[in-house]
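Here are my notes for you, set out as numbered points. Keep the structure open beside you and find each residue as you read.

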Amino acid sequence: MSGDREIPEDAPAHCPGTESEDAGKASACAGCPNQNICAAAQPKLPDPDLSKIQESLANVKHKVLVLSGKGGVGKSTVTSHLAYALSEDVDCHVGVLDIDICGPSIPQIMGLQDEQVHSSGSGWSPIYVDDNLCVMSPGFLLASPKDAVIWRGPKKNGLIKQFLRDVDWGSLDYLVVDTPPGTSDEHLSIVKFLSEAGTSGAVIVTTPQEIALLDVRKEINFCKKVNIPIIGIIENMSMFVCPKCKKTSIIFPPVENGVSGVAQSMEIPFLGSIPLDPLIGKCCDNGNSYLQLHPDAAGTVAYKNISQKIKDYCISLNESKD
């Protein structure tokens, strides 16, 4: 929306929105009945909601984006369990923001699938998993988990803005943002909306096979183009761990040096490897924390080591600011 004008229902799927400098000029605008109107509009004013988002997130110390180039690499699983790992310190307050609008899986993974959002005088209230761990997801707004979300870009962007501007996050040490795969509308929106509030950095999740690494290279380049600092890359499902005999097997053989090789060649940190443990999938299906139910498992050790590296990175950011 710009002024009192709303984007019509027949806008193209990737409509940049009337507030964008590309309104009426982007390739997605070709053939749109409103193309000439948008192109001839007055120069766009700065989005006044950016300062409101900055104010809303003033007490959130670190905003960490979790990205993946390809779907199915376990990004939401990693997001939730990094949040679990960070929140094991009772003095550390953690929030999870799910902006995977069309495929919100965080409520299922974190055992919150029957919850709904409540409003108060201070805004929308996130759902609490524990005293120091809260979650907000578009899944909480659906009447049923089976409902399909069929939205155009502008409506998705509007919801992301609401989650940042209108949710009462309170004081958080970490806000971990689970994004959809790729580099689409949601990614551009979260980068724009956090431009004044600031982003601590991005964690990129991938699996070892080359077909996933092809896309993760694009994700790394996306971060560099939009000036998002990269905290590091995580290799998920690196090997299969038998829950009975504990023997490990390589399921996705890496090409050359795999994920660590990509990290080295693209000059970003390698945060570590998480095994393909069937117990992780079982815990996600049942809405349980793998770290709590299997504290001595190899996957738990990996998650804790990676979360400590993220903490160390954020501590170094604070020290550099001081």
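1. The C-alpha centres of domain 1 and domain 2 lie 32 Å apart. Please keep in mind that you are looking at a predicted model. The domain assignment places domain 1 at residues 13-45 and domain 2 at residues 50-320, so you can colour these two ranges before going further, as the assignment sets those bounds.

2. Let's go next to a pair of helices. H2 covers residues 49-56, and its axis runs 8 Å from that of H5, at an angle of about 40°. With that angle, H2 is oblique to H5. On the H2 side you will find Asp49, Lys52, Ile53 and Ser56, which meet Lys161, Leu164 and Arg165 of H5. Sorted by class, the residues of this contact are four charged, two nonpolar and one polar.

3. Stay with H5 for a moment, and turn to the aromatic rings. How many aromatic pairs does a search of the whole structure find? The search finds one. Its partners are tryptophan 124 and phenylalanine 163, arranged edge-to-face, with 5.8 Å from centre to centre and 65° between the planes. Planes over 60 degrees apart count as edge-to-face, which is why the pair gets that label. Tryptophan 124 sits in strand E4 (residues 123-125) and phenylalanine 163 in helix H5 (residues 153-165), so the pair links distant parts of the chain, 39 residues apart. Both tryptophan 124 and phenylalanine 163 are buried.

4. Now compare a second pair of helices, H3 and H11. Helix H11 spans residues 298-321, and it packs with H3 at an angle of about 75°, the two axes being 9 Å apart. That angle makes H3 roughly perpendicular to H11. From H3, the contact uses Thr77, Val78, His81, Leu82, Ala85 and Leu86, while H11 brings Tyr303, Ile306, Ser307, Ile310 and Lys311. By class, this contact has seven nonpolar residues, three polar ones and one charged one.

5. One member of that contact deserves its own look. Threonine 77 belongs to helix H3, residues 75-86. Is threonine 77 buried or exposed? Its relative accessibility is 17%, so threonine 77 counts as buried. Beyond its neighbours within four places in sequence, threonine 77 is in contact with Ile109, Ile280, Cys284 and Tyr303.

6. Follow one of those contacts to isoleucine 109, which is in helix H4 (residues 106-109). Isoleucine 109 is buried too, because its relative accessible area is 7%. Not counting residues up to four places away in sequence, isoleucine 109 touches Ser76, Thr77, Ser80, Tyr84, Cys283, Cys284, Gly287 and Asn288. Try measuring from isoleucine 109 to asparagine 288 in your viewer: their C-alpha atoms are separated by 7.1 Å, although the two residues are 179 residues apart along the chain.

7. Finally, have a look at helix H8, residues 258-265. Which of the residues of H8 are buried? They are Gly258, Val259, Gly261, Val262 and Ala263. Their cover includes strand E8 (201-206), helix H7 (210-225), strand E9 (230-241) and strand E11 (270-276). Just after H8, you can also spot glutamate 267, which takes a positive phi of about 60°.

Note on methods: Residues numbered from 1 in each chain as written. Predicted model: local features only at pLDDT ≥ 70, side-chain atom pairs only at ≥ 80, totals over all residues. Heavy atoms only, no water. Helix = DSSP H or I, 4+ residues; strand = E, 2+ residues; numbered from the N terminus. Buried < 20%, exposed > 50% of the residue type's maximum accessible area, 1.4 Å probe, protein only. Contact = heavy atoms within 4.5 Å. Phe/Tyr/Trp six-rings, centres within 6.5 Å; stacked < 30°, edge-to-face > 60°. Axes fitted to C-alpha atoms, helices over the stretch in contact; angles between N-to-C directions. Parallel < 35°, antiparallel > 145°, perpendicular 65-115°, else oblique. Nonpolar A, V, L, I, M, F, W, Y, C, P; charged D, E, K, R; others polar.
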